[in-house]
Amino acid sequence: MVSERVKNGVKVDDHQLFVNSTNIKKVCVIGAGASGLVAARELRKEGHKVIVFEQNDDVGGQWLYDPNVQNEHPLGRSKFLNVHSSIYSSLRIASPREIMGFSDFPFVAKKFAHDSRRFPGHYELFLYLKDFCRCFDLNQLIRFNTRVEYVGIIDHKNKNNIVVGDIQWVVRSRDCKCKHKKINGDDDDEDLIEEVFDAVVVANGHYSHPRLPTIKGMDKWKRKQIHSHVYRVPDPFCNEVVVVVGNSQSGQDISLDLIEVAKEIHLSTKSLDTVTQGLSKVIQKYQNLHLQPQIESLEEDGRVVFVDGSSIVADTILYCTGYSYAFPFLDTKGIVVVDDDRVGPLYEHTFPPSLAPSLSFIGIPRKLIGFPFFESQAIWIAQLLSGKRTLPSYDDMMQSIKQFYHSKDIAGIPKHNTHDLAEFEYCDRYGDNVGFPHLEEWRKKLCVTAIINSSNNLETFRDLMDDDEDLQEAYQSPHFTQLGAQVFPLDHM
């Protein structure tokens, strides 16, 4: 149990300092997913007054599965989406549960767990977030069924266009529990609720707004085109010829999901160099799964033409081409922009220098162990707002950002991959800002093992058990023994 570490729903730390009432801020957190929930906890721990705005009727964010996608644009071409989650029914997490938990709240398989596997289905992670919320009594901070439609600065600027003095934010929100309401900006302004906050934490996730390729003939192709954002189950594709665009995790997962129902699945990839041993095994195993090069054009007669000159006639094109950062509610007068999926300028992927710390973003980085990193972000944001810590000067932050961008350019990394970090070392350096513990070696090893196994055994890696020594090290570590007794995984299948 974690009750010994929790008082009135708030984690008690020996080093916690007295919070000066003059540093208490009224803070708006946008989103009650993993990053928003841990932000709310850390902000409250610092004494701030927190309101979390969540457009759905429960916590979980991306992990709150929503099967009702019939009213969503098939390519997600809406300012405000009907559906936030892009989770499909069969999805299982790609990382072992042991590495995913927050520092003081391990993601353990309970005795009567819904899904006790090491790589459980998405619902198990949703239940974990529900438990986290219940344990730390966060529900009282959340306004459910409330969509934020506008966030704007109340500020004063100097001649250099830099905000000076105390920044405040106007936040306009709307009750969206009535599903029949329009959500594309056509609602009556009288329905909006307007409030003022001292700070805003943007935690709305980045796996909702589809990122689409530009393909010749795409707008004229008359057959079905959808993005994986609205894919849920394979049944609608029964006996169809489906082209899956994108050789990412979702592209591979969904291709396998379609095997039993589709007539043919053609998995189109930008480069054959990205084809792993595991994917090769799957293609050899299933006769109706084919690997194709990049698409050259889409023809009005239904043909999909590939760059090697070959073509097939398809019923559906399913774009598994990733997601874009989108903040349709945010108005910073051009200070923070999204340029080809580079959100910036952001110091350490979190703070816009001229608006920090009153505006911050949590959960922007990708390709890292998310929950511990979100926690370190949340602690830093909360302590900056309470005055326990300070940021470098505006000039120093901007210089750091420019150096970071330059390093990406030299390495030949495309702008849209700016926030793909994939570095344990970066997570450790980031945590040093608030004394957050470095990632444990067992956590790193379990993560790397999962990546290697998925590359070599795409279809079965989630059910492999070849890291017993690392597991034993994990379950004997303080991360798990803090629960009061050793715990061991109940099931690995």
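**Tour: a three-strand sheet, then the nonpolar cores**

Start with strands 15, 16 and 17 of this predicted model: these 3 strands make up an open sheet, ordered 15-16-17, with antiparallel pairing. Select residues 295–298 for strand 15 and 311–313 for strand 17. Each of these two strands has a single partner and stands at an edge, so one of its sides has no neighbour in the sheet. Looking from one strand to the next, the twist averages 20°.

Next, add residues 303–306, which are strand 16. Strand 15 and strand 16 run antiparallel and are joined by 3 bridges. To see a facing pair, pick Leu298 and Val304: Leu298 stands opposite Val304, which belongs to strand 16.

Now move to the largest nonpolar core, which has 94 residues. Select Leu37, Phe102, Leu258 and Ile362, the residues with the most contacts inside this core. Then show helix 5, residues 370–386, which supplies the largest share of the core, 10 residues. Colour domain 1 (26–59 + 138–208 + 323–439) and domain 2 (224–319) separately. Both domains give residues to the core, so the core lies between them.

Centre the view on Leu37. Which residues is Leu37 in contact with, leaving aside its neighbours within four places in sequence? They are Ala32, Val59, Leu129, Phe132, Cys133, Leu138 and Ile142.

Last, select Cys28, Phe53, Val151 and Leu346. These are among the 25 residues of another core, which lies apart from the largest one.

Key: Residues numbered from 1 in each chain as written. Predicted model: local features only at pLDDT ≥ 70, side-chain atom pairs only at ≥ 80, totals over all residues. Heavy atoms only, no water. Core = buried A, V, L, I, M, F, W, Y, C linked by side-chain atoms within 4.5 Å. Buried < 20%, exposed > 50% of the residue type's maximum accessible area, 1.4 Å probe, protein only. Helix = DSSP H or I, 4+ residues; strand = E, 2+ residues; numbered from the N terminus. Domains from an automatic or database assignment. Contact = heavy atoms within 4.5 Å. Pairing = 2+ DSSP bridges. Axes fitted to C-alpha atoms, helices over the stretch in contact; angles between N-to-C directions.
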